[in-house]
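User: I am new to this structure and should like to understand the terms used to describe it. May I put some questions about how each label is justified?

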Amino acid sequence: MSRFLSQRFASIEPYVPGEQPQGRKYIKLNTNESPYPPAPGVLEAINREEVAKLRLYSDPDARPLVAAIARRFGVGEDQVFVGNGSDEVLAFTFLAFGGVEKRFRFPALSYGFYPVFARLLGVTYEAVPLRPDFTIDPADYIGCGTNIVLANPNAPTGYALGLETIGEIARSNPDSVVVIDEAYVDFGGESAAVLLDTYDNLLVVQTFSKSRCLAGMRIGFALGSAELIADLQRMKFSFNPYNLDRLAILAGTAAMEDEAYLNTCTAKICATRRRVTDRLREMGFTVLESKANFVFARRDGIPGGRLFAALREKGILVRHWEDPLIADYLRISIGSDEEMDAFLAAAGQILEEETK
Ligand code: PMP
C-alpha cells in the first residue's frame with residue numbers, strides 16, 4: 001500500500017478470484033467456466049474485418065446485443081443493461097441503489113463479491129447466515145425493508161429458490177430493489193425474468209460466462225423496469241461508456257441468438273452433474289443437490305484443504321475456502337465427461353492413499 005492510497009480504501013479486502021493458471025496445464029474445475037467452446041456463430045462474428053475495426057470505439061449502447069437480449073426475454077430494449085461481466089453490472093447496481101442508509105441484505109454464504117462491492121462503494125450491508133442445512137430462509141428477506149441481492153441458484157451451494165418465493169420477496173419489499181443474480185440459472189433454476197411485468201423493483205442479472213461459454217469475453221446484463229435500467233445507465237455513463245468492446249458486442253449477439261447451442265451445452269452439463277453427484281455419493285461424499293454447473297461436496301475423514309491440495313498435486317484445480325463453516329467442502333465445477341472422469345479417478349486414488 002502506498003502512502004497515497006485514499007484513506008477510505010485502506011481497510012478494503014479485495015475479492016480473491018479463483019486461480020487462473022497460465023503455465024502448467026490443469027484440469028480446471030475451479031471457476032465454473034464451461035468446458036465447451038462458444039457457439040459456432042461467435043467465431044464467425046469475430047473476423048479479420050472486425051478486428052481491423054478495433055481502431056474505432058465501440059457502440060456505447062451495444063445495440064445489436066441489447067436487441068438480441070430483449071428479443072430472447074420478450075422485454076423492451078429499454079429494459080436491458082449490459083456490462084463488462086455481471087461483476088460490473090452488480091457493481092453498478094450497488095452504486096446506483098445502495099448507500100449508507102440504503103442497505104443491501106444478502107446471505108452470508110453466497111457470492112463473495114457482494115460484501116466487497118458494498119465496502120468499496122460505501123454501501124451498508126447485512127450478511128444473513130443461512131440455515132444450518134445451507135438453505136436460505138425466505139423469512140429473512142420477506143418484508144425486510146432493505147435492498148436485497150440473492151444469487152439464485154446460490155453459490156457455492158447450488159440450491160435454488162422457487163419463483164413463488166422470489167415473487168413474495170419482491171412483493172413484500174415494494175420500496176426496495178430486489179436483485180436476483182442468475183449467473184447459474186440455465187442449469188436447472190427458474191428465471192425471475194417472467195416476474196418483471198409484475199414487480200417494478202425487481203432486477204434480474206445474468207451472465208454470458210457460464211451457460212453461454214464466454215467467460216473470457218466479459219459480458220453480463222440486467223433486466224428490469226425501464227426506470228431501473230435508466231439508473232444503471234446513469235452509473236455507466238458517469239464511469240465508462242464503452243464498457244463493452246466491439247468484439248464482445250458481436251460475440252454476445254451471436255451467442256444470445258443460438259438458443260439450440262445453449263440448450264445442448266446445458267443439457268450435457270446437467271447430465272454430467274447427475275453422474276458426478278451419484279458417483280461421489282457412492283464414494284462416501286456428501287454432495288448438495290445442485291441446480292448449477294458445480295457441486296459442493298465434502299468427504300468425512302479428509303479435511304477439505306487436504307483434498308484440495310492433493311487434487312492440485314494431481315493437476316486438478318477445484319475451489320476451497322478457509323471459512324470454518326465450509327472448510328471441509330470443495331466446490332467442483334462440472335467439466336466435460338472426460339475431465340470429470342479424471343477428477344473422479346484422482347479423488348478415488350487420494351481416498352485410497354488416505355485410508356492406507
Ligand atoms: N454472480 C455469481 C453468483 C457468480 O458466481 C459469478 C462468477 N464468479 C458472477 C456473478 C460474475 O460473473 P461474470 O462477471 O463472469 O459475469
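Analyst: This is a predicted model. A suitable starting point is alanine 62, which is found in the loop between helix H2 (48-52) and helix H3 (63-73). Alanine 62 has a positive phi of about 45°, although it is not a glycine.

User: Why does alanine 62 count as buried?

Analyst: Buried means under 20% relative accessible area. Alanine 62 has 1% relative accessibility, and therefore it counts as buried.

User: What makes phenylalanine 134 buried?

Analyst: The relative accessible area of phenylalanine 134 is 9%, which is under 20%, so phenylalanine 134 is buried. Phenylalanine 134 is found in the loop between strand E4 (125-128) and E5, and its phi, near 75°, is a positive value in a residue other than glycine.

User: What makes the pair formed by tyrosine 184 and the ligand a polar contact?

Analyst: A polar contact is a pair of N or O atoms within 3.5 Å. A polar side-chain atom of tyrosine 184 lies 2.6 Å from an oxygen atom of the ligand, so the pair is a polar contact. For the side chain of serine 209, an N or O atom is 2.6 Å from a ligand oxygen; for that of arginine 218, the value is 2.7 Å. The protein covers 91% of the 410 Å² of accessible area that the ligand has on its own.

User: Which helix gives the largest share of the shell around the ligand?

Analyst: Helix H4 (residues 85-97) does, with four residues. The shell divides into four nonpolar, four polar and four charged residues.

How values were computed. Residues numbered from 1 in each chain as written. Predicted model: local features only at pLDDT ≥ 70, side-chain atom pairs only at ≥ 80, totals over all residues. Heavy atoms only, no water. Polar contact = N/O pair within 3.5 Å; in protein donor to acceptor, adjacent residues only side chain to side chain. Areas by Shrake-Rupley, 256 points an atom, 1.4 Å probe, with all protein chains shown as cover. Helix = DSSP H or I, 4+ residues; strand = E, 2+ residues; numbered from the N terminus. Nonpolar A, V, L, I, M, F, W, Y, C, P; charged D, E, K, R; others polar. Buried < 20%, exposed > 50% of the residue type's maximum accessible area, 1.4 Å probe, protein only.
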